[in-house]
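User: Hi! Could you walk me through a few packing details in this one?

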Amino acid sequence: MWLYWVLFALLLLAVLRRLLRGSSSPNPFSADCRRPPAPLVTDKDVRKKVIKQGIHYIGQIGEKSLMRFLVDQLTEGQLQWSKMPSVFDAVVLGEPGNSKMYRLYSGKKEYVEGLKKQFPDEAVAIEKFVRLVKRVAQGTTYMTILKMVPVPLVKILSRAGLLAWLSPFFTMTSRILTDVVSELTTNEELRAVFCYIFPTYGVVPASASFSLHAILVNHYMEGAWYPRGGPSEIAFHTIPVIEKAGGAVLTKAVVQSILVNAEGKACGVSVQKGQDLMNVFAPIVISDAGIFNTYERLLPAEIRTSPDIQAQLRMVDHGISGFSVFIGLKGSKEELGLEGTNYFIYSHQNLDEAMNCFLTASREEAAENIPMLFVTSPSSKDPTWQERYPGKSTLCILAFAKYEWFEEWKDETVQKRGAVYESLKNTIVESILKTVLKLYPNIEDKIECISSGSPLTNQHYIASPKGELYGAAHSISRLQAEATAMLRPQTCVPNLYLTGQDVCLCGFMGALQGAVLCASAVLQRNLYRDMLRLRRNSPANNSKKKD
């Protein structure tokens, strides 16, 4: 029997390799490690929060990509995208004004040539890095496949070492990012540039899987896009499609629990309406609340302790949390010198050392010594902004922060957490502003409003259990084949399914993949195959063939 399963596994691997090599379609899996959109809303005030919390940039959403085709289907083609500047990201090593800046260019050729011009003595290392990124990223398709084939089969393939034969993606999941780039070059600044994008998935290079990192680097290599009109347009154009299909989008309706009947099957949710609870019954319950909220808070207590649920929870940890600052400015982007490029600012070229000092420091010390900032101007990326808000601009700054630094105030009422809490937040904001003003000195006397959020803010507004930016931690253990296969939409509770970034990977694209996997599981059909067939037969595709 064991030999039979091995032969079957080898046959399956051969078929998969042939199918994937013979396909001319784009990779049906990609990830973007910025925060996914908030729950679909129509309420005007909540929609403003979506703009603040929303997406910063997305890769692999060009007109010919499969994911663009999917998003067009979900929004009936109404959601439009704007290409970001050729330099989509810039890396600043050291304090602005006394630092070195390195730029990342859109396009696979331009990306490589741009790095070579900035590191003329490191051409070989750059070529090896990009070649390795491409080889590893090609294998990300298999992540979705592992979540669709039987788990026992995945265990056989993994333990027999056959997955490593199938793709270098599986070999490199266990390789630490810092180790890989250290083997490529001794140039510390180039190492930092190779690793710079780690904040988009929330794991420092010394703990990050190279395979996950390769997904992100490859994801943006052709450039980045931004939703025309802002991230809230995603919700705005998706809601009519949901309603047209007979669905409804509810706001201010907090789910208190998942209802489970006497047979142990999910049968609906309990929703808070004012002071009352209402039971909404349904044959299928799909949770996008995250694995921790779903399993540790929403399910009945007697089910939470089941061995299957506890086994899944042991596979994941809480992800890192963050601190955010939103700035409203008087003046256009031209007047203020703002641009659509994202800036990753690091205080030191040794990213691991800087982050380790920060995360092990006391909160008071950390508040005044922040080693990493992501600085972006949402208004500068949106070509419709000046038409809608003439003479106004915005900045958004993100930094990492530990939940434990703020945990003592978790039970306090929002916006009433006391002077010490506000003082800590203000210290962090002032520290961040010192750096931002060096990057954009023209904004100093143009600031009209500042709003900041701690991990407790994330906990309150988007129900992150510990203020996580990206849900469950994207650790090396989570990327292993067996964990990947077991973290799938199906749960041990009949009729209950998981969706979103905890099913697949973080970010808009990662959450979207989780949704396709979930819908495939519920409908018991491969929606990736359906998408490819639909796109192949679409009028737009046929007209291109005629041309």
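Analyst: Happy to; here come a sheet, a helix on it and a helix pair. This is a predicted model, where local features need pLDDT of at least 70, side-chain atom pairs count only at pLDDT 80 or more, and totals for chains, interfaces and linings use all residues. Residues are numbered from 1 along each chain as its sequence is written, and side-chain values use heavy atoms, leaving out hydrogens and water.

User: Thanks! What is the strand order in the open sheet?

Analyst: The order is β3-β2-β10-β11-β12-β9-β13, seven strands with mixed pairing. Strands are DSSP E runs of at least two residues and helices H or I runs of at least four, numbered from the N terminus; pairing takes at least two DSSP bridges.

User: And which are the edge strands?

Analyst: β3 and β13 (447–453), each pairing on one side only.

User: How many bridges join β9 to β12?

Analyst: Ten, and the two strands run antiparallel. Ser324 stands opposite Leu398 in β12.

User: Switching topic: which residues of α4 are buried?

Analyst: Tyr111, Val112, Gly114, Leu115 and Lys116. Buried means under 20% relative accessible area (1.4 Å probe, protein chains only). They pack against β2, β3, α5, α11 and α12, with contact meaning heavy atoms within 4.5 Å.

User: Cool. At what angle do α26 and α27 pack?

Analyst: About 105 degrees, with axes 9 Å apart. Axes are lines fitted to C-alpha atoms, for helices over the stretch in contact, and angles run from 0 to 180 degrees between N-to-C directions. That makes α26 roughly perpendicular to α27, a label for 65 to 115 degrees.

Conventions. Buried means under 20% relative accessible area, exposed over 50%, partly exposed in between (1.4 Å probe, protein chains only). Angles under 35 degrees count as roughly parallel, over 145 as roughly antiparallel, 65 to 115 as roughly perpendicular and the rest as oblique.
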